[in-house]
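Reader: Please take a close look at a single part of this protein and follow it outward into its surroundings. I would value one connected account rather than a list of separate features.

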Amino acid sequence: MPPTAADVSGLLRVLAAHDVKFIVIGGVCAVLHGAPVSTFDLDIVPDRSPDNVARLLEVLKGLGAVHRDPAGRTIEPDASRLGGPGHNLLSTRSGPLDVLGTIGAGRDFQSLEPRSRLVDLGDGVRVRVLDLDALIETKQEAGRDKDRAVIPILQQTLAESRRHRT
């Protein structure tokens with residue numbers, strides 16, 4: 001059975017409505033930059049401050065979030081895991097949501113924020129999205145096969161966006 005795609009707009013809007021500070025990364029970030037890629041989940045790097053983690057946890061509880069566990073256990077997210085540098089791969093009623101403490105070479109929200117920009121989703125909803133060149137760098141740092149496979153597409157998208165700016 002193919003994976004269920006996330007309701008990306010819905011997830012982004014509920015996170016923004018609860019004032020969760022986060023940066024969109026991964027496939028959704030690439031798509032928002034115009035890259036011709038597909039994705040089934042939403043990947044974010046949140047600010048791991050205690051107040052923000054509490055707001056994020058409230059949203060996740062409202063979405064019925066549980067960790068995607070190969071053993072089939074039902075493990076709900078908690079502040080300790082969300083506040084750490086690890087990856088929280090979650091299933092929600094709105095689809096898969098990956099909450100990553102760090103990406104690439106240990107980059108967290110604070111180090112990524114200067115390399116991001118706000119994107120307007122309409123209706124006054126704005127979310128922070130990683131710059132395309134920073135996304136390429138973090139994928140190179142991760143070095144996984146799936147990351148290496150998408151890098152040429154991202155580089156082409158970046159080159160085309162630079163040509164259109166001049």
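**The end of the first helix and what lies around it**

Author: Helix α1 is followed by D19, a residue with a positive phi, near 55 degrees. The model is a predicted one, and the account below should be read accordingly. The helix itself spans residues 8-17, and L11, L12 and L15 are buried within it. Viewed down the axis of α1, its buried residues fall within an arc of 95 degrees, so they line one face of the helix.

D19 also belongs to the lining of the second largest pocket, together with A16, V20, K21, F22, F109, E113, L118, R126, V127 and R128. This pocket holds about 170 Å³ of space. Strand β7 (residues 125-130) makes the greatest contribution to its lining, with three residues. Six of the lining residues are nonpolar and five are charged, while none is polar.

Among these lining residues, K21 leads onward to another part of the chain. Its side chain meets that of D47 in a salt bridge, with N and O 3.7 Å apart. K21 sits in the loop between α1 and β1, whereas D47 sits in the loop between β2 and α3 (50-62), so the pair ties together parts that are 26 residues apart in sequence. The two partners differ in accessibility: K21 is partly exposed, at 40% relative accessible area, but D47 is buried, at 7%.

F22, another lining residue of the second largest pocket, carries the description into the sheet. Its bridge partner in β2 is P46. Strand β1 (residues 22-25) pairs with β2 in the antiparallel sense, over four bridges. In turn, β2 runs parallel to strand β5 (residues 95-100), to which three bridges join it. One point of contact here is L42, which stands opposite L97 in β5.

The surroundings of β2 (residues 42-46) are reflected in its burial, since five of its five residues are buried because both faces are covered. On one side lie L42, I44 and P46, and on the other D43 and V45; these are all buried.

The order of the open, seven-stranded sheet is β3-β4-β5-β2-β1-β7-β6, and its pairing is mixed. At its edges stand β3 and β6 (116-122), each with a single partner strand, so one side of each is left without a neighbour in the sheet.

Strand β5 brings in a second link between distant parts. Its residue D98 forms a salt bridge with R68, the closest N and O atoms being 2.8 Å apart. R68 lies in the loop between β3 (66-67) and α4 (79-82), and 30 residues separate it from D98. As for accessibility, D98 is buried, with a relative accessible area of 7%, and R68 counts as partly exposed, at 35%.

D43, on β2, opens the way to the largest pocket. D43, K139, R144, K146 and D147 lie nearest the centre of this pocket, which has 26 lining residues. About 570 Å³ of space lies in it. At least two lining residues come from each of α2 (26-32), β4 (87-92), β5, α6 (132-142) and α7 (145-165). Helix α6 supplies the largest share, namely four residues. By class, the lining consists of nine nonpolar, nine polar and eight charged residues.

Two of the residues nearest the centre of the largest pocket, R144 and D147, are joined to each other. Their side chains meet in a salt bridge, at 2.6 Å from N to O. R144 counts as partly exposed, at 43% relative accessibility, while D147 counts as buried, at 2%. Elsewhere, R107, R115, D133, E137 and E141 are joined into one network by salt bridges that share partners. Over the whole structure, a search finds eleven salt bridges.

Taken from D19 onward, the path thus leads through K21 and its salt bridge with D47, through F22 and its partner P46 in β2, and on to D43 beside the centre of the largest pocket.

Notes:
Residues numbered from 1 in each chain as written. Predicted model: local features only at pLDDT ≥ 70, side-chain atom pairs only at ≥ 80, totals over all residues. Heavy atoms only, no water. Buried < 20%, exposed > 50% of the residue type's maximum accessible area, 1.4 Å probe, protein only. Pairing = 2+ DSSP bridges. 1 Å grid on protein atoms, 1.4 Å probe; cavity = no way out; pocket = protein on both sides within 12 Å on 5 of 7 lines; lining within 4 Å. Points joined across faces, edges and corners; volume = space filled by probe spheres on them. Nonpolar A, V, L, I, M, F, W, Y, C, P; charged D, E, K, R; others polar. Arc of directions from axis to C-beta. Salt bridge = Lys/Arg side-chain N within 4 Å of Asp/Glu carboxyl O.
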